[in-house]
Amino acid sequence: MVLQAGVFVFDPALGGSAAKLTSLTMAAAHNIFGVYDLVASVELGGVPHLLVYERQSGAARFYAASLTAPFFTLAGNSNLGVGWDAIESFVLANQPHLMCYQREHGHFEFRAVDQKLTLSDALEFHRSHEPGPTASFTMIRPFVSMNQVAFMGYNSETGAVAMYTVAATVSAPPRKPPLQPLCVWSHTWAKNWTRFVFFAMGGANFFLKTNTGGKGNVNIDRIMDGLVAGTLEVSTQMDLHEALEQTLNAALILDDGSPYFVTCKTEGSGVIYRIHPDCQGWDRILDVAGPDKPGHLLTLRFGTRHLVLFC
């Protein structure tokens, strides 16, 4: 946990107006969220929520997000168990779900979240052998492909990468979500990829990633519509200002599908970029000044506007 949290509203350029970034609040993080190690976003009842998680106790707190003061309002408490290294969310059959991941043993747990913020029991998943062993992922990210929920895992130390689908099943044990994860693609990339930014455009899925080995490299790849075909490099050796000095990246996806992303360096300075439709570059839109040494960078979407959270 860092000492400060910075929250900003991003308004993109619309109807000839200039894009703008409005500073909302800069406050002690523990005054807003208490003790936490991880943050994630989840939409519940059409309202973006922030989930904060404390690894040692397993405590999880949900905050309803808003574009007006007080911006984050405590909505509920729960417990996800101790020791998670990553938490993501997705929606399947109109039901929000949390995906929790423990790196050392490659252990996943999937939990449904109802509108009262009550969690289901966990559906467990892991693979210990090919294809797609799940241990040691340094990045996990869910996405939607051809109206199907999927997620990717990547290990920056070995280059191992895999994609999995998550399908609904006919039934499940009491209180567990009726889900079935399945590995559909396993491969090996170069090592040292990090700061993944997933975005969708023209009905296809893409991701931007930065390689911190050697002189560095920034790529955009496409996820093939047939997931068994894996990924395809669209552009490489891209010119991203101070790419190796960045520590955090996050996507900003608008209702019309226009992809933006925000970068952040250790001292909290960052930039918002708009990705070109041909994925061959981007435009620098706005500079950002957040708190010193943020550990997390998260965006929450409200139609054409975003809350950008440094904490």
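Is Cys 279 buried or exposed? Select Cys 279 and have a look: at 2% relative accessibility, it counts as buried. Bear in mind on this tour that you're looking at a predicted model.

While you're on cysteines, jump to Cys 183. With a relative accessible area of 15%, Cys 183 is buried too, because the cut-off for that label is under 20%. Now try hunting for disulfides across the whole structure: the search comes back with 0.

Next stop, the loop between β10 (123-125) and β11 (139-145). Pick out Pro 131, which sits in that loop. Show the backbone and include Glu 130 in your selection: the peptide bond joining Glu 130 and Pro 131 is cis, with omega at about 0°.

Carry on past β11 into the loop that leads to β12 (148-154), and select Met 146 there. What is the phi of Met 146 near? The value is near 50°, so you have a positive phi in a residue other than glycine. Switch on the surface as well: Met 146 is exposed, at a relative accessible area of 60%.

For the last stop, go to the loop between β22 (282-289) and β23 (297-302) and click on Lys 293. Lys 293 isn't a glycine, yet here again phi is positive, at about 55°. Buried or exposed, then, for Lys 293? Lys 293 has a relative accessible area of 52% and counts as exposed, because the cut-off for that is over 50%.

Technical notes
Residues are numbered from 1 along each chain as its sequence is written. This is a predicted model: local features need pLDDT of at least 70, side-chain atom pairs count only at pLDDT 80 or more; totals for chains, interfaces and linings use all residues. Side-chain values use heavy atoms; hydrogens and water are left out. Helices (H or I, at least four residues) and strands (E, at least two) are DSSP runs, numbered from the N terminus. Buried means under 20% relative accessible area, exposed over 50%, partly exposed in between (1.4 Å probe, protein chains only). A disulfide is a pair of cysteine sulfur atoms within 2.5 Å.
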